[in-house]
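Biologist: Could you take me through the packing in this model, one question at a time, and give the cut-offs as you go?

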Amino acid sequence: MFEDLFYERLEKLRMQKGVSARDMSLSLGQSHGYINSIENRKGFPSMQVFFYICEYLGVTPSEFFDYDNSCPSEIREVIKSLCALDPEKLQHVKTIIHDLKD
């Protein structure tokens with residue numbers, strides 16, 4: 001079950017980046033079918049290659065496995081911006097987010 005989540009997450013993040021499996025494989029210094037074979041459930045990357053995959057996708061390993069986070073890079077950027085706000089402005093943002101959810 002968790003293996004399927006890994007494969008699905010890799011494909012989803014790759015697609016969000018807008019890159020083909022072939023181009024990603026070559027960018028990682030692997031054979032042209034490397035990412036395709038992983039996404040087709042024919043194995044897992046080594047730990048070192050996994051870190052390269054995360055770097056290529058612009059996510060941390062933690063963000064990669066945060067399956068509920070559909071846009072990890074964007075959320076990281078928003079959190080960074082939120083941390084720079086004073087408490088009053090942060091409350092305004094919180095109110096806006098709450099209103100958007102409703």
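The questions and answers below go from one helix to the core and then to the aromatic rings.

Modeller: This is a predicted model, in which local features need pLDDT of at least 70 and side-chain atom pairs count only at pLDDT 80 or more, while totals for chains, interfaces and linings use all residues. Residues are numbered from 1 along each chain as its sequence is written, and side-chain values use heavy atoms, with hydrogens and water left out.

Biologist: Which residues of helix α4 are buried, and over what arc around the axis do they lie?

Modeller: Helices are DSSP runs of H or I with at least four residues, numbered from the N terminus, and buried means under 20% relative accessible area, exposed over 50% and partly exposed in between, with a 1.4 Å probe and protein chains only. In α4 (residues 47-57) the buried residues are Val 49, Phe 50, Ile 53, Cys 54, Tyr 56 and Leu 57. They lie on the same side of α4 because their arc, taken from the directions from the helix axis to the C-beta atoms, covers only 160°.

Biologist: Which exposed residues does the face of α4 turned away from its buried side carry?

Modeller: The buried residues of α4 pack against α1, α2, α3, α5 and α6, where contact means heavy atoms within 4.5 Å. The face turned away from that buried side carries the exposed residues Met 47 and Glu 55.

Biologist: Which element gives the largest share of the largest nonpolar core?

Modeller: A nonpolar core is a set of buried Ala, Val, Leu, Ile, Met, Phe, Trp, Tyr and Cys residues joined through side-chain atoms within 4.5 Å, and the largest one here has 19 residues, with Leu 10, Ile 53 and Leu 57 among those with the most contacts inside it. Two or more residues come from each of α1, α2, α3 and α4. The largest share of this core, 6 residues, is that of α4.

Biologist: What is the geometry of the aromatic pair formed by Phe 6 and Phe 44?

Modeller: Rings of Phe, Tyr and Trp (its six-membered ring) pair if their centres lie within 6.5 Å, and planes under 30 degrees apart count as stacked, over 60 as edge-to-face and the rest as tilted; the whole structure holds 11 such pairs. With 5.2 Å centre to centre and 65° between the planes, Phe 6 and Phe 44 are edge-to-face.

Biologist: Is Phe 6 buried or exposed?

Modeller: Phe 6 lies in helix α1, and its partner Phe 44 in the loop between α3 and α4, 38 residues apart. Because its relative accessibility is 7%, Phe 6 counts as buried.
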